[in-house]
Amino acid sequence: MIIRKFLSILIIKPIIKPYITNKILKLKNSSIGKHSTIGEAVVIGKNVKIGRDAILRKITVGHNSAIESFVKCVGTEKGCIFVGSNSYIGISNVLDNSDNIQIGNFVHIAGPSTALWTHSSAKMCMNSIPLNKASEKYRPTAPIKIEDNVYIGGNCTIYPGVKIGHHSIVAPNSAVTKDIPPYSMFGGVPAQFIKSTYDMIINHK
């Protein structure tokens, strides 16, 4: 039931002779690198490349996408991660499944060490809340959405609740604390508007 729900959301089709275990649905011509850990509820589309030493949990990866080595899915697993087709998750990046993360098609998230965080524990620290007493009040979560045709540079932090519009760029070493509109380049700490990306699109629609 969970796998069917994931497929219906991301519309991964057609499914041609996949093989299924209790943990993973993987389509033809995909590969998983050595020492990678595949947790529950993982769906991998056709022609997907997973690097070595990755940790994947509650994630759907669309056709022709790549997950580099040492990518980690972390968090409480109360959310799900969806990666579209022809998208790229760079080396040593972190995806937090404490809430939902939706990554569109033709999205490149460069590595190393770009992190998409859907939770914050700052209130736990400020209020002396023990780790085993975490709750939504002191450890709030919010989903992240990255639309199609987005490039995010290495060593960036995407904060909970952020939406990055289509055809946008996040410069390396940036902290994105608020929404980014389509056709925009943002950068810095916190990330601020730099310029429009409209002139980078060769075939304007």
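The protein has a mean pLDDT of 89, and 86% of its residues reach 70 or more. The model is predicted. Its strands include an open sheet of nine, with mixed pairing, and its largest nonpolar core has 34 residues. A search for disulfides across the whole structure finds zero.

**Confidence along the chain**

- Residues 1-22 have a pLDDT that stays under 50.
- For this stretch, residues 1-22, the model has 40 contacts beyond four places in sequence.

**The nine-stranded sheet**

- The strands of the open sheet follow the order E3-E6-E9-E12-E15-E18-E21-E23-E24.
- Strand E3 (31-32) and strand E24 (192-196) are at the edges; each has a single partner strand, so one side of each has no neighbour in the sheet.
- At the E3 edge, the partner is strand E6 (residues 49-50), which runs parallel to E3 and is joined to it by two bridges.
- Within this pairing, Ile32 is found opposite Ile50 in E6.
- At the other edge, E23 and E24 pair over four bridges in the antiparallel sense.
- Here Ser184 stands opposite Ser196 in E24.
- E23 and E24 make a hairpin, and four residues lie between them.
- Gly188, in the turn of this hairpin, has a positive phi of about 110°.

**The nonpolar core**

- Among the 34 residues of the largest nonpolar core, those with the most contacts inside it are Leu56, Ile59, Ile103, Leu116, Ile146, Ile152 and Ile164.
- Five strands each supply at least two residues of this core: strand E5 (42-44), strand E8 (59-61), strand E11 (81-83), strand E14 (101-103) and strand E17 (144-146).
- Leu116 gives a view of the surroundings of one core residue: leaving aside neighbours within four places in sequence, its contacts include Val94, Leu95, Ile101, Ile103 and Ile109.
- Leu116 is also in contact with Ile144, Ile146 and Ile158, as well as with Asp96.

**Cysteines**

- A disulfide is a covalent bond between the sulfur atoms of two cysteines.
- The search of the whole structure finds zero such bonds.
- Cys125 has a relative accessible area of 57%, which is over the 50% cut-off, so this residue is exposed.
- Cys156 has a relative accessible area of 0%, which is under the 20% cut-off, so this residue is buried.

**Aromatic pairs**

- The structure holds two aromatic pairs.
- In one of them, the ring centres of Tyr183 and Tyr198 are 5.4 Å apart and the planes stand at 65°, so the pair is edge-to-face.
- This pair links distant parts of the chain, with the two residues 15 residues apart.
- Tyr183 is in the loop between strand E22 (175-176) and strand E23 (184-187), while Tyr198 is in the segment after E24.
- Tyr183 is partly exposed, at a relative accessible area of 28%, and Tyr198 is partly exposed at 38%.
- Phe186 and Phe193 form an aromatic pair that is also edge-to-face, with 5.9 Å from centre to centre and 75° between the planes.
- Phe186 has 6% relative accessibility and so counts as buried.

**Cis peptide bonds and positive phi values**

- Most residues other than glycine have a negative phi, and most peptide bonds are trans.
- Gly111 and Pro112 are joined by a cis peptide bond, with omega about 0°.
- Pro112 is located in the loop between strand E15 (108-109) and strand E16 (115-116).
- Val189 and Pro190 are also joined by a cis peptide bond, with omega about -5°.
- Pro190 is part of the loop between E23 and E24, where the turn also holds Gly188.
- Lys58 is not a glycine, yet its phi is positive, at about 50°.
- The loop between strand E7 (55-56) and E8 contains Lys58, which counts as buried at 17% relative accessibility.
- Glu77, another residue other than glycine, has a positive phi near 65°.
- The loop between strand E10 (72-74) and E11 contains Glu77, which is partly exposed with a relative accessible area of 27%.

Note on methods. Residues are numbered from 1 along each chain as its sequence is written. This is a predicted model: local features need pLDDT of at least 70, side-chain atom pairs count only at pLDDT 80 or more; totals for chains, interfaces and linings use all residues. Side-chain values use heavy atoms; hydrogens and water are left out. Two strands pair if DSSP finds at least two bridges between them. A nonpolar core is a set of buried Ala, Val, Leu, Ile, Met, Phe, Trp, Tyr and Cys residues joined through side-chain atoms within 4.5 Å. Buried means under 20% relative accessible area, exposed over 50%, partly exposed in between (1.4 Å probe, protein chains only). Contact means heavy atoms within 4.5 Å. A disulfide is a pair of cysteine sulfur atoms within 2.5 Å. Rings of Phe, Tyr and Trp (its six-membered ring) pair if their centres lie within 6.5 Å; planes under 30 degrees apart count as stacked, over 60 as edge-to-face and the rest as tilted. pLDDT is the predictor's confidence in each residue, from 0 to 100.
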